Amino acid sequence: MAANSVRVAAVQMTSINDLASNYATCSRLVKEAASAGAKLLCFPENFSFVGAKDGESLKIAEPLDGPIMKGYCALARESSMWLSLGGFQERGSDDAHLCNSHVLIDDAGNIRSTYKKMHLFDVDVPGGAVYKESSFTEAGKEIVAVDSPFGRLGLTVCYDLRFPEVYQQLRFHHGAEVLLVPAAFTKVTGEAHWEVLLRARAIETQCYVIAAAQGGKHSEKRESFGDTLIIDPWGTVIGRLPDRTSTGIVVADIDFSLIEAVRTKMPISQHRKPIEFWNQASN
């Protein structure tokens, strides 16, 4: 590991509708990441629970100070590791809604930041199921970037990946260096778009991208694509498991000198046009 770098890891797993079973898997993977020398471990969307029936996620939704999140805070504290918990079912403003919340916990077990997923998955997947996340989820309204020992982190969740404006904002207005994209892409959309979208976001922002993914069959009705990836600011995949649906971790080093080198040699932040330019060009 270079002097100007830090080791991170990302999880690939198949969560089910059993909180205790998923916690046991997460706990085992935290120990594995600690043995590999990682200081940050990123989990996928719905890491703690994936419902098998409609309404199950709402039933288990809890506030951030509830017992589920307290268990994961304890895990971070006991392992002295930062955890990115993407896509936690946080209780919403009423019983009919939850928030799809990306929670960042530091190595002392404190919640450092929370991002609520902005773009909700209301999609008729070609040849697949129909999803309507907005029927039970409240959309977030705030962009979140936070300083950490792993650079300035930009927090997003899954379907956000299809909206480059979020990532442009995180890089050029909020100073992000590492973009976190916890996800549970469907098998159909993952096969078509997962890697190319992630590499595009890395290239166009000159950021590292850490994309922890759900993979495999969660239940009779639901299957995720998997393929957890870590990508460098040049768009090169630097971390990937050999099997895209197996449970495990991917380990890679965030090299701050590479971020600086890529951005210095191709200074897109200086070359990009401000919003005023586009407003004028559209008149």
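Counting salt bridges is a handy way into this structure, and the total comes to 13. The model is a predicted one, so everything below is read from computed atoms rather than from an experiment.

One of these salt bridges brings together the side chains of Glu133 and Lys117, with 2.9 Å from N to O. The pair ties distant parts of the chain to each other, since the partners are 16 residues apart. Glu133 sits in the loop between β7 (130-132) and β8 (137-138), while Lys117 belongs to the loop between β5 and β6 (122-124). Both Glu133 and Lys117 are buried.

Another pair has a rather more open setting. Here the side chains of Arg152 and Asp147 meet, at 3.2 Å from N to O. Arg152 counts as partly exposed because its relative accessibility is 22%. Asp147, at 51% relative accessibility, lands in the exposed class.

A third example lies within a helix. Arg199 forms a salt bridge with Glu195, and their closest N and O atoms are 3.7 Å apart. These two residues are separated by about one helical turn, because they stand 4 residues apart in helix α5 (residues 187-205). An α-helix has 3.6 residues a turn, so residues three or four places apart point the same way. As for cover, Arg199 is partly exposed with a relative accessible area of 34%, and Glu195 is partly exposed as well, with 25%. The pair doesn't stand alone, either: Glu195 and Arg199 are linked with Asp227 and Arg240 in a network of salt bridges.

Next come the strands, with β3 as the place to start. This strand is mostly covered, with 9 of its 10 residues buried. On one side of the pairing story is β2 (residues 40-43), which runs parallel to β3 and is joined to it by 4 bridges. Within that pairing, Cys42 stands opposite Ser84 of β3. β3 also pairs with β4, this time in the antiparallel sense and over 7 bridges. Leu83, for instance, has Ile105 of β4 as its bridge partner. In a regular strand the side chains alternate between the two faces of the sheet.

The link from β3 to β4 is a hairpin that passes through 6 residues. Ala96 is found in this loop between β3 and β4. With a relative accessible area of 41%, Ala96 is partly exposed. Even so, Ala96 has company from elsewhere in the chain: setting aside residues up to four places away in sequence, it touches Leu58, Ser135 and Phe136. The C-alpha atoms of Ala96 and Thr137 are separated by 8.2 Å, although the two residues are 41 residues apart along the chain.

Helix α3 (residues 67-79) gives another view of how the chain is packed. It has 13 residues and reaches 18 Å from its first C-alpha to its last, close to the 18 Å expected at 1.5 Å a residue. Plenty of this helix is hidden from the surface: Ile68, Met69, Gly71, Tyr72, Cys73, Ala74, Leu75 and Ala76 are buried. What covers these buried residues includes two helices, α1 (19-35) and α2 (56-60). The strands β3 (82-91), β4 (98-105) and β5 (111-116) are also among the elements covering them. So the paired strands β3 and β4 described above turn up again here, as part of the cover over α3. Just after the helix comes Ser80, whose phi is positive, near 50°.

Strand β1 (residues 5-13) holds Ser5. This residue counts as buried because its relative accessibility is 13%, below the 20% cut-off for that class. Leaving aside neighbours within four places in sequence, Ser5 is in contact with Asp253, Ile254, Asp255 and Phe256.

The last stop is on the surface. Ile275, Phe277 and Trp278 make a nonpolar patch of about 330 Å². Phe277 has its place in helix α8 (residues 275-281). It is partly exposed, as its relative accessible area is 35%.

How values were computed
Residues are numbered from 1 along each chain as its sequence is written. This is a predicted model: local features need pLDDT of at least 70, side-chain atom pairs count only at pLDDT 80 or more; totals for chains, interfaces and linings use all residues. Side-chain values use heavy atoms; hydrogens and water are left out. Patches are made of residues with over 30% relative accessible area and no salt bridge: like charges are joined within 9 Å, nonpolar side chains (Val, Leu, Ile, Met, Phe, Trp, Tyr) within 5 Å. Accessible areas come from the Shrake-Rupley method with a 1.4 Å probe; for residues, only the protein chains shown count as cover. A salt bridge is a side-chain nitrogen of Lys or Arg within 4 Å of a carboxyl oxygen of Asp or Glu. Buried means under 20% relative accessible area, exposed over 50%, partly exposed in between (1.4 Å probe, protein chains only). The expected span of a helix is 1.5 Å times one less than its number of residues. Contact means heavy atoms within 4.5 Å. Two strands pair if DSSP finds at least two bridges between them.
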